[in-house]
Structure formats: structure tokens, C-alpha cells
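Hi there,

Here is the structure I promised to pass on to you. Have it open while you read, and follow along with the notes below.

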Amino acid sequence: MVYEKVVEVLKQHSSLDGLEVTRETTFKDAGIDSLDFVEILMELEESLGIELELEENFENVGELVDFVSAKVK
Amino acid sequence: MNFQILGTGSYAPEHIVTNDDLSKMVDTSDEWIAERTGIRQRHISVNETTHDMAYQAAMRALDDTGVKPEELDMILCATISSDLASPNVAIMVQKMIGATCPAMDISAACSGFVYTLDVAAGYFARGKAKKMLVLGAERLSKMLDWEDRATCVIFADGAGAVVLGEGESYLSSKLTAKGDDDVIKIPYYVGLSPFFTIPGEKPCINMKGREVFKFAVNAMYNDVQEVLEQSGLTQKDVSYVIPHQANLRIIDAVARRMDIAPEKFYHNIERFGNTSSASIPIALDELNKAGKLKAGDYIVLSAFGGGLTTGACVVRWTK
């Protein structure tokens, strides 16, 4: 569920059309900068009812999914 | 009784610093700055103090109204960057324009202008003022670490002013403060006391960009809705939202979440950068002077800043 949500929000904020997302997709490759990333975290907080630390840095989708999944449980 | 806005004025230093200029000073680029902030250039003072800029904005606002300096009952200036600890910026403006009324500064960082309008409304409500001059003036360039690429590309100098007269056009307001000295902090120069033992911190703007972004988007989204509700208006009634010009990405993110058309969110950060308490009155002056405002328009002002403070209000334009 978290994975699907992350992919959905990521696609909304990516500047790239038809982006193929896997766990290995990096935010850099997806055209996501630091402020897009904050917006993604804000939307995940809202839709999943959790609080996330903003100062964490992640390379790729898999790392973010693991981080968020740990908060949801 | 509260007030109506009789006229506006603004001033920014002549010297313009472009993103390309900054890319020669720190590791950055026009593309990087523009993408992340919307800023293309900013005005930076070479030989003008905060009160020099405030004076120019005040004169232009008085010219816009025909109100004479001696008619003013109070001068208030929102600022965190007075060049003098005393006298304050408002007193220097009083001296320079030849007014005789009381004058004081109010410190609430980037929310300062909206906070100050709310203070002004109190003077009108108590019948203590018939005409007031309210300013936002900043020389933030003196509070920047010009080697810190995260902040020196954002902040800038300028001043804006409004002349207020008696009226019923200040329809609603909301001020907040959140007791935080971690997300945005600007230490003072520590001073020369031989007795004081706490070591000084660099007297420059420290900011956690991500935290500010999140706080700002949530605060503006909530504040704009709340002041509209208080005044019995809907988002459809709004002619313009004038947000504090902190970062175009913040303005865009707020606009995306609201039912107010994005083009109604006025921005000039491209040309001015973030001038803290001066940003809203400069933007208001631009709209006024460009003839974009008509009598009866509902304008929402919304700001956030260090403190963490927020301030928003609805004003009906009567000019």
C-alpha cells in the first residue's frame, strides 16, 4: 500500500511524463528536487496520517518506501 | 471603525544583483536559483540605509494620497533590520518627511507588515488616529552570510508603505506565533561587553529550508481560508492574494491547494527576492500603480516568517 502511494505521489510531482518507477528509481532521475521532496512527504503524511522527519535524505524510492512503511506500522 | 488604504508607495535600491552575479561569488547558477526559488534578480543596497529606503517609500505613498506629513497621527514600521538601534526606522522617517506624530518599529520578521496593520487597526478602533503611515522596510543584505549559497541568493533589500485613513475596509485578520527559534534564527551581533560570557554567533540568517517550506504552505493555506471565513467571503470572491514573497515554490504549492485561480496569487519575487516585511507592501504598490486594483476588490494578504509567526488579513480596496 505504501509503495503504491509513494509511486502515485511521486508521479504527480515528477516533471517527466510516463515515468517508469521501481524501487531503484532515484529522485534525481525522476526530476525531483529537495522542495518537491518536501511536498511528497507532506502529501504522504496527510494521506497516511503519519508524521515524517523532513531532514532525512533518500537516494531512491525503495529507501523512502522503507522509511514510510516503518512509520505506518 | 478601522481603516481603509488611501495610497501606497515602495522603493528598492538601484543596484541590481542577478543570479549570474551571485554565481561568481558562490557555487550556484541562474538555473538552480530560478528553479528552486523563482528569483532572477534582487535589489541590494550599496549606500542606502533601511530608513533611507523607508523614507522613499513613505514619500511615494504620501504622493499617492495627497496626505501631508503633518496630518499623520502615527507612523509604524515593520522591520528587523534597522540600521540604528535608536532612533528606530519610523522615527527616522518621521524626521525625514517632517511629520510630528509618534513613531515606532514593530518586529515580527516576515509577518511584520501584517502584524503592523493589525496594530494600526487598533489605533483607529480606539479613535486615536485618523491618518497613519505603515511601512515595511528591510536591509537584509547586512544580515546575510554572503558565502552561504542557501540564503544569500534569497534575501534582499527594499521598502513598502501604505497611508491609512479612517474606514471599514479591514475586514478580518489572524495572527499566530509558534515559539520557535530553531527553524529560522538571526542572532544579533554579540556586542563588546567585557562581562558577557556567552559566545557570539554569526549575526546572519539561519534557516531550515524544508521546515520553512512545510510550515509556510500549511500556514498560508489555513490562514487564507480562515480570514475569508471570518469576513463572510469565499475563495471565489478574492481579486488578489498577496502572499509574502519568500519563494515562488511556496506560493505555487499554496495556489495548487486552493480554489483561487493561480493568476490571482500576485508575485514579483522574480525581480525583488525575499524582502521580509517589505515584500507585501511592495507587491501591493505594484498592483496599485499598475491600475490592477478597483474599488470593491477583496485582497487577501498572507505572510509567515521567523518566530514562527504568521499573519493574514482581508482588505477591501476603496481607492
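In chain B, β11(B) runs parallel to strand β12 (residues 298-305), and 5 bridges hold the pairing. A good place to look is B:V241, which stands opposite B:V300 in β12(B). Please keep in mind while you look that this is a predicted model.

These two strands belong to an open sheet of 4 strands in chain B, with the order β8-β13-β12-β11 and mixed pairing. At its edges you will find β8 (170-177) and β11 (238-243) of chain B, each of which pairs on one side only. On average, neighbouring strands of this sheet are turned by 10° against each other, ignoring direction.

Two helices come next. Helix α6 (residues 209-230) of chain B lies across β8, β11, β12 and β13 (309-316) of chain B, at about 145° to β12(B). Helix α9 (residues 279-289) of chain B also packs on the sheet, where it touches β11 and β12 of chain B, and its direction makes about 145° with that of β11(B).

Helix α9(B) deserves a second look. Why is α9(B) largely enclosed by the rest of the structure? Of its 11 residues, 8 are buried, so the rest of the structure encloses most of this helix. If you want to find the buried residues of α9(B) on screen, they are B:S279, B:I280, B:P281, B:I282, B:A283, B:L284, B:D285 and B:N288. Just after the helix, B:G291 takes a positive phi of about 70°.

What else does α9(B) lie across? The answer is β1, β6 and β7 of chain B, and the helix runs at about 70° to β7(B). That brings us to another sheet.

This one is an open sheet of 5 strands in chain B, with mixed pairing and the order β1-β7-β6-β4-β5. Its edge strands are β1 (2-11) and β5 of chain B, and each pairs on one side only. Here neighbouring strands are turned by 20° against each other on average, again with direction ignored.

Let me take you through two of its pairings. At one edge, β1(B) and strand β7 (residues 157-167) of chain B run antiparallel and are joined by 9 bridges. To find your way in β7(B), look for B:A159, the bridge partner of B:Y11. Helix α5 (residues 112-125) of chain B packs on this sheet and touches β1, β4, β5, β6 (131-139) and β7 of chain B; the direction of α5(B) makes about 160° with that of β4(B).

The other pairing is between strand β4 (residues 74-78) and strand β5 (residues 103-106) of chain B, which run parallel and are joined by 4 bridges. Within it, B:A78 has B:I106 in β5(B) as its bridge partner. How does the chain cross from β4(B) to β5(B), and which hand does the crossover have? The path goes through helix α4 (residues 89-97) of chain B, and this β-α-β crossover is right-handed.

Now step back and look at chain B as a whole. Its secondary structure comes to 9 helices and 13 strands. The C-alpha trace spans about 50 × 45 × 35 Å along the principal axes of chain B. A compact globule of 319 residues would have a radius of gyration near 20 Å, so the 19 Å of chain B agrees with that. Of those 319 residues, 50% count as buried. Among contacts in chain B between residues at least 6 apart in sequence, 79% join residues at least 24 apart.

Chain A has 3 helices and 0 strands, and its pattern along the sequence is α-α-α. Its C-alpha atoms fill a box of roughly 30 × 25 × 20 Å along the principal axes. For 73 residues a compact globule would have a radius of gyration near 11 Å, and chain A, with 11 Å, agrees. Of the 73 residues of chain A, 22% count as buried. Residues 24 or more positions apart make up 55% of the contacts in chain A with a separation of 6 or more.

Finally, how many residues of each chain are in contact with the other? There are 8 residues of chain A in contact with 8 residues of chain B. On the side of chain A that touches chain B, the residues divide into 4 nonpolar, 1 polar and 3 charged.

Enjoy exploring, and all the best!

Notes
Residues numbered from 1 in each chain as written. Chains lettered and ligands numbered in written order. Predicted model: local features only at pLDDT ≥ 70, side-chain atom pairs only at ≥ 80, totals over all residues. Pairing = 2+ DSSP bridges. Right-handed = clockwise from strand over helix to strand, strands pointing away. Contact = placed C-beta atoms within 7 Å. Nonpolar A, V, L, I, M, F, W, Y, C, P; charged D, E, K, R; others polar. Axes fitted to C-alpha atoms, helices over the stretch in contact; angles between N-to-C directions. Buried ≥ 20, exposed ≤ 12 C-beta atoms within 10 Å, placed from the backbone. Rg over C-alpha atoms; globule rule 2.2 N^0.38 Å.
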